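User: Hey, got a minute to walk me through this one? I'd like the overall picture before the details.
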Amino acid sequence: MALEDVYRKIGFLANPAGGGAGAENAIAVGAVPAAPAAVLWDMDGTLVDSEEEWARVSGNVVRAHGGIWTDEDIVAIRGADTIAHERRMMDAVRRGGGEVDPWKMFAEVLRAMADHMADAQLIDGAGALLDAFSAAGIPQALVTATPGRPVEIFLAGPGSRLEAAVTGDDDVPGKPNPAPYLLGAERLGVAIENCLAFEDSGPGLAAARSAGAFTVDVGEFPLVELAALL
């Protein structure tokens, strides 16, 4: 068993046009290389199990400012960029009759998430896949909407295998815009059409697919199951 078995599982080696890993943008038969030119990874919910913590911390901050945090808000911030996340928190505070600087609220969330990331572990299977791609000489990059200290901590720790990063601090439109994935491929010096992208959220999946990457939904293909094929 090897990476080739992973490629077969997700449909990367011989995917029919319009199929493969749930990707609407799948590459036509004969156009797919034997191995990807690079691998692009989302962070929250893909490499680290942090989505619930984002929701918990954001809710705590909103409630501390008198807001009302709902299940709909939790769904809305999953995979959202900084601006969308801030706006959702501001709407929740206004729902409770309050008003506060949305950036100050988001900064509170980032501080708490930095503390969380200091103890974060890779999702089961992620480490084995990162190591396998590295051993095969395939460059890898992080493509995340998260800005600031949480990303720095991740890249210095569990994400140290990654050779480049696109984060919420980069001056590009956030997911679901394809710009972050296009920039990730550019920073690795490869064509996006020859990249694998691993994602978990709606905005992230849409961004990777519209960029042209072969996109793997980790909800459909859990990393632990892919790693078992190595």
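The chat below goes from the whole protein to a few of its elements.

Analyst: Sure. This is a predicted model: local features need pLDDT of at least 70, side-chain atom pairs count only at pLDDT 80 or more, and totals for chains, interfaces and linings use all residues. Residues are numbered from 1 along each chain as its sequence is written, and side-chain values use heavy atoms, with hydrogens and water left out.

User: How many helices and strands does the protein have?

Analyst: There are 10 helices and 5 strands. These are DSSP runs numbered from the N terminus, with at least four residues for a helix (H or I) and at least two for a strand (E).

User: What is its radius of gyration?

Analyst: It comes to 18 Å, which agrees with the value near 17 Å for a compact globule of 230 residues. That is taken over C-alpha atoms, and the globule rule is 2.2 Å times the number of residues to the power 0.38. The C-alpha trace spans about 60 × 35 × 30 Å along the principal axes.

User: And what share of the residues is buried?

Analyst: Buried residues make up 53% of the 230. Buried means under 20% relative accessible area, exposed over 50%, and partly exposed in between (1.4 Å probe, protein chains only).

User: Switching to helix H8, why is it called largely enclosed?

Analyst: Because 7 of its 10 residues, in the run 179-188, are buried. Among them are Tyr181, Leu183 and Leu188.

User: What do those buried residues pack against?

Analyst: They pack against strands E1 (38-41), E2 (140-143), E3 (164-166) and E4, plus helix H9 (202-211). Contact here means heavy atoms within 4.5 Å. Just after H8, glycine 189 has a positive phi of about 75 degrees.

User: You mentioned E4. In which sense does E4 pair with E5?

Analyst: Parallel, over 4 bridges, with E4 covering residues 195-199. Two strands pair if DSSP finds at least two bridges between them. Glutamate 199 has aspartate 217 in E5 as its bridge partner.

User: Which way do the E5 side chains point?

Analyst: Phe214 and Val216 point one way, Thr215 and Asp217 the other, and all are buried. In a regular strand the side chains alternate between the two faces of the sheet.

User: Last one: is serine 58 buried or exposed?

Analyst: Serine 58 is buried, with a relative accessible area of 0%. Serine 58 sits in helix H2 (residues 51-64). Leaving out residues up to four places away in sequence, serine 58 touches Trp69, Ile77, His85, Met89 and Val109.
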